[in-house]
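Notebook open, coffee poured. I want to look at one helix first, then at how the chains meet.

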Amino acid sequence: MTAVTPSAWQTEPFPDSPQGWIDRAAEVAAVLSTDAAARDKAAATPYAEVRLLKDSGLVTLLGPVEHGGGGQNWPTAYRVVREISKADGSVGQLLGYHYLWNWAARLVGTREQWEHVEAEAARNRWFFGGAVNPRDNDVVVTEDGDDLVFTGRKSFSTGSKVSDVTVLEGVLDGTQTHIFAIVPSDSPGLTFHDDWDNIGQRLTESGSVTLDGVRTPWASAAGFVDRVFQPRVYNTLNVPTIQLVFVNLYLGIAAGALETAATYTRTRSRSWLHGGHDNAVDEPYVIDAYGELTSRLWAAEALADRIAEEGERLHGDPDAVTEAARGEFEVRVAAAKAVATEVSLEVTGRIFEVTGARATTSAEGLDRFWRNVRTHTLHDPVAYKRREVGRFVLTGEIPEPTWYS
Amino acid sequence: MTAVTPSAWQTEPFPDSPQGWIDRAAEVAAVLSTDAAARDKAAATPYAEVRLLKDSGLVTLLGPVEHGGGGQNWPTAYRVVREISKADGSVGQLLGYHYLWNWAARLVGTREQWEHVEAEAARNRWFFGGAVNPRDNDVVVTEDGDDLVFTGRKSFSTGSKVSDVTVLEGVLDGTQTHIFAIVPSDSPGLTFHDDWDNIGQRLTESGSVTLDGVRTPWASAAGFVDRVFQPRVYNTLNVPTIQLVFVNLYLGIAAGALETAATYTRTRSRSWLHGGHDNAVDEPYVIDAYGELTSRLWAAEALADRIAEEGERLHGDPDAVTEAARGEFEVRVAAAKAVATEVSLEVTGRIFEVTGARATTSAEGLDRFWRNVRTHTLHDPVAYKRREVGRFVLTGEIPEPTWYS
Amino acid sequence: MTAHVTAHVIADDAEALETAGRLAAEFRAGASERDSARKLPHAEVERLSASGLLGVTVPADHGGADIRHETLAEVFRLLASGDPSLAQIPQSHFVYVNVLRRQGTPAQREFFFAEVLAGRRFGNAQSEAGTRHVQDIRTRLVPAPDGSFLLSGVKHYSTGALFAHWIPVLARAEDDTLHVAYVPREARGLTVVDDWDGMGQRTTASGTVKLDRVEVPADRVVPHHLTFQGPQLHGAVAQLLHTAIDVGIAAAALAEAAEFVRTRSRPWFESGHESAADDPLLIQRFGELGVQLRAAEALLATAARTVDAAGTPGAGLTEESAAEASIAVAAAKAFAASAAVDIGGALFELAGTRSALDGLNLHRFWRDARTHTLHDPARWKVQHIGRYLLNGTLPPRHGLL
Amino acid sequence: MTAHVTAHVIADDAEALETAGRLAAEFRAGASERDSARKLPHAEVERLSASGLLGVTVPADHGGADIRHETLAEVFRLLASGDPSLAQIPQSHFVYVNVLRRQGTPAQREFFFAEVLAGRRFGNAQSEAGTRHVQDIRTRLVPAPDGSFLLSGVKHYSTGALFAHWIPVLARAEDDTLHVAYVPREARGLTVVDDWDGMGQRTTASGTVKLDRVEVPADRVVPHHLTFQGPQLHGAVAQLLHTAIDVGIAAAALAEAAEFVRTRSRPWFESGHESAADDPLLIQRFGELGVQLRAAEALLATAARTVDAAGTPGAGLTEESAAEASIAVAAAKAFAASAAVDIGGALFELAGTRSALDGLNLHRFWRDARTHTLHDPARWKVQHIGRYLLNGTLPPRHGLL
């Protein structure tokens, strides 16, 4: 980050309302947007960006008030992710994943565990990373007295070097049992590799991780009581909860693209020769394109917000979550994912039609929005999200919980 | 209507919550759907249908509780319109327009006027029609002592013969002043013609009207004090309020089409020869189409509901409505209209691809959904709705209030 | 036998095109009325016979013009731009002329090609209801002791049967192989029921054919299954004609929309123009649909040329050239289907509020397109195209590809 | 003068196609690396010259092959399927050969056609920044007392200029009419600045040409404005070549996606298949994009044939045939632009998560398509098509239609 000065927020009190937090996020976004294109090109490790998230208080948004957290809920967190993603999709992703990893204790852990984790996280303004790519089945967990030892490799992580703590995931040796645990990111044996070099989301530090005997107490294994996992339906809310982070990430990037393009069209685009218009903003087809893209984006945003509220009813009473309720929530999130994927690819691809040929200069970097969406929307195929929705409306079938549904 | 029996609702108390009213509407829709295709073909005057709306209490949904109304607000009314439109777009339109004409007193009238009208309407379960097509400038209002006399013709009306009262609109002779007044539908000089014969919305009684000296007291001219109109910004909320009726009409028809098609696919469609599937519901492409259409529909519904809430903040404090707030609401509604038009045409046209060739038999009448949407979406060109949105995001310009924006 | 028919014999491709253009213009005049009154086009079908168009695929050595597929596709496109139902009626006629070209004995060819050149029409009796899928055919040819057959079954969606002199019936022999039995329209035990009630293509008379122990001499039976034992264009040609119908509907709908806007639509008050035809947003939509229509037309012509270039069975046709022809036609059909439905629907947003009057019957284009494009699912064409493109998988051999 | 060049002379259309196919395959190998390193294709441009492809539109009476536009379009499509930047470099070369064909004096034609057959290249210097719109040209030819001219101005987006032997400069004469001055690359006062920094088409070297009182003899100036005083195909041909580039990008992107899926993609765990290439949802998407690509290809070929059939100025070309050619090309271009951008983007959803690795550089197709399709706005093509379709309005005569 080229131009971060010590943040004014350090001395300011926390916002006291959801809207206040969204406004705070917009202020952070304004700082990020000043050099977003240049930072995308440089693709440096985002230490300064994470500093900004900490200074502004956004990292503790979901944390308990009594320990210095913001005491907000998921609908606000999603809006904050969207706001940040308008300026910088990478930082939006880092923050959104952080919220989920921070919440992982609550999703999977016992009450004692998550109360402890959330208190520590809020007090220390921990930034969470994760090494939980579930398509790699190559982290083995072995027991060594009262400790667990993680060994293996994950091909993708998030946050890695910029995180204070990392959520690890592995399979207990000789079993089918997955174990989650939170360890300090500087734990011995935990090595983050510098091999994330993708066309988009370039600052997310999503490279591979090696776990060479990373040690953590058995007692920190989330959700285990006397070394036996205590399953709840609520565990499986991890997927729709993070997928809705993705949705808001895409919608934020799309909104940022549209705003950036509108500024360009307003201030720099030439009108076309036959138009009889002096300015590009007066061309009917330019106006029409903005109207069409905006309308679709607003619909997707409304769906994302509504589903966040639907999810909040589940998060509000975790023990009451039934398989049916979880399944319907997952289907709704799948629909939002389908719509958000479509609209964000469309918006980020079509803005060029209303900015014009000169806007393709690399210096402008307007393609970062498309590259960011294009990269992250490959996380899991959207066709299978549509399948969840289609099956539900056709046959009433709810998706079986997996790592992706 | 072929099969209406005296409704059970006459002896039941009113629902006491928005959801209760939506459930009531769903019960009415279930009755309407049993012979919707046959009634569409017959295109008879919908006396029985309006009776059903009255018996079920839906006509007085917005009316004051103390006079026998349901005491609900616009967001619930919109949901009710959507619910009815799932079964029968014509009846959904009749009801939605009824709500608007009933509300016209509040939009344009003085407090004394609207309190009087709403009390009478609720007590008598009036069904409202309207003869207010603003593109016809050919109804002249003349003064005759304490009376106003309306003379001329409107090429479209709604409700006409099935209504108890009709909202008239005309221009005061020699001025540019529009006058609205509510008159009994059997007023002398008011003639509804049987010339509505369109491809869709066939039961809406939208034919032309002749006004041959229709007389009403000057005192009933909405919003006039001492024969001088008292303008408020709130007057101009008529357009976004009715346009949001349209939005919910389209979305209801689309949802009905999708549900009807899903039932057909589930129970009657054959799978295609190469699929290796026994049932059409197992074909990946069939599932995909339902997933895609449902996702888009849900997004449009979420936007419609959110904007209804935004509008309710304006309806809740009419005197506080500023031009800017009205303009932004209008832009939001325009976006919803653009999205709803697109998705409803897509859904009603594409259902055939997932029901198959045999579903095109006239007896099935599956084309009524498309014909209904196609007909009503021609009310005003959606391209100009996109223009409102595009101008707003590009230049911040809000639409000037007209009859269509 | 059937009433005496005399037909002109068309000489070449150019005459076929000229004739089709002329007939399309004639048919266009009454198409809307026939549709709305569901009035079957008996006189028009006779005009078609008399014009000689039904004989243009008879081989040259039997006296026919043997026109190119590119020309035949254009003939269908033109007819459909005039009256889509009328254009669909002879679709199976040409398909069953093709069956004879491929599998007919010399005697069968001589006899039937003379019938065709005389203007006699083939209908069809293929499809069966209540079976598992469209290729699950249960109608049977039961051998009689004298070498003839008895044919029993019920066929639905038999486009053209009502107007036909001969009804080719798809049936299985004792060994389950597919044959076509050419049965005279007035054969004892054969009934055609006019029970087609589609929302579109309303005057195709695609009704039911009932066969109750109909006697069929052995020399009226053709071993159609042999067609599919090697590379074949049977499916490609059949689908090419369907594609041409969709493209014709699309073209007619767009032309009607333009005519309506020029002559009847009011300008939208916000457009700032005196005439609807000057509204740039309306013009833009016409431009978009014009591009879509031109793409459909270009794909149709390309597909037809690909069929022409593929060779014929036994004379240059290979697995690969047959597959490429099938895929080219499938691509054209999938695209044309969308174009026809889109343009049939968009007509209204172009023409404006007044166009929804039922009496104008402008929804016939959409109804026709929506009905006809469901003949067989476009999604399966797309799947076969994807398999071909991604894995080089050749499409299956059957009459729908 | 320029370095000595020797070029093969191509004999006919077939040889042109064969040569283009061969070169495209060669160029494909290094295209990604050239793009990612922004390494200008100097050697490849020389190969193009040597192959004789740059001379194929020289009239037969000057020794050229004078190939059809259908062939020329296919040559560009092939080259672009190998390397889209490399394909764009000679686009203006052919445009300015055409200017000489139309308006060159016999002496100019003799001189320049010999240059072209020898493999020499024309670049371009057309576009100006900071003006009101793209046809607002301010570069001037100022007459000198000896009958020659002095040329001053700054041109941007001068594709090919860096590689050119001759730079045709668009300039206004004293009377404001448009002329083209053919200036040697090494002329005194002429500088080419390699400042093109587009996100796509990165190695086209579409940089800046600065002209500071460059001396131009009178016999190097061609009255280009005369081209637009009657029916013309200048714009249609220029745009046809741009269209071919977009279609080539689309084809290359889809082929690359298929190759990736077949060889590198993992199957999605819910698909129930062992190989990604067997996933029916993936196959379906390939099918959809295959249809879109085939439509673009069919429109390109149809447009090229329409140009060929339109006649030439003074020999059959009419207002109507020229308009139909321009509209056919405009439709093809509008459609191809969407297809190229769509397929370039869809490649990733087909190929899956691993395809987003920056090192694979698979985003080059989208970047190239997105950049090149903005050359001039598709929305205005659509508007002209709409005017033509709805009101019969002939498109304006200029170099972009």
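Before anything else, the rule I need for helix length: the expected span of a helix is 1.5 Å times one less than its number of residues. I also keep in mind that this is a predicted model.

**Entry 1: helix α6 of chain A**

I tried the rule on α6 of chain A, residues 111-124. It has 14 residues, so at 1.5 Å a residue it should span 20 Å, and its end C-alpha atoms are indeed 20 Å apart. The expected span and the model agree.

Next I asked myself which residues of α6(A) are buried. I found Gln113(A), Trp114(A), Val117(A), Glu118(A), Ala121(A) and Ala122(A). They cover an arc of only 140° around the axis, so they sit on the same side of α6(A). The background I jotted down: an α-helix has 3.6 residues a turn, so residues three or four places apart point the same way.

What covers those buried residues? I noted that the cover includes α5 (89-108) and β5 (178-184) of chain A.

Just past the helix I checked the backbone. Arg125(A) follows α6(A), and its phi is positive, near 50°.

**Entry 2: the annotated stretch**

I looked up the record for chain A. UniProt, in an unreviewed entry, places "domain: Acyl-CoA dehydrogenase/oxidase N-terminal" at residues 30-116. In the model, that span of chain A is 69% helix and 0% strand, and its end C-alpha atoms lie 34 Å apart.

**Entry 3: chain A against chain B**

I superposed the two. A turn of 180° with a shift of 0.0 Å along the axis lays chain A on chain B, at an RMSD of 0.0 Å. The two copies are thus related as by a two-fold rotation axis. The same surface serves both copies, as 100% of the contact residues of chain A recur in chain B.

Then I looked at the contact itself, which takes 30 residues from chain A and 30 residues from chain B. On the chain A side, α7 (238-267), α8 (284-315), α9 and α11 each give two or more residues. The largest share, 14 residues, comes from α8(A). By class I have 16 nonpolar, six polar and eight charged residues on that side of chain A.

**Entry 4: chain A against chain D**

Here 29 residues of chain A are in contact with 29 residues of chain D. Which elements of chain A give two or more residues to this side? I wrote down α9 (323-355), α10 (367-376) and α11 (382-395). The chain A side divides into twelve nonpolar, eleven polar and six charged residues.

Note on methods: Residues numbered from 1 in each chain as written. Chains lettered and ligands numbered in written order. Predicted model: local features only at pLDDT ≥ 70, side-chain atom pairs only at ≥ 80, totals over all residues. Least-squares fit on C-alpha atoms with pLDDT ≥ 70 in both. Contact = placed C-beta atoms within 7 Å. UniProt positions renumbered as here; feature names shortened; annotations may be inferred. Helix = DSSP H or I, 4+ residues; strand = E, 2+ residues; numbered from the N terminus. Nonpolar A, V, L, I, M, F, W, Y, C, P; charged D, E, K, R; others polar. Buried ≥ 20, exposed ≤ 12 C-beta atoms within 10 Å, placed from the backbone. Arc of directions from axis to C-beta.
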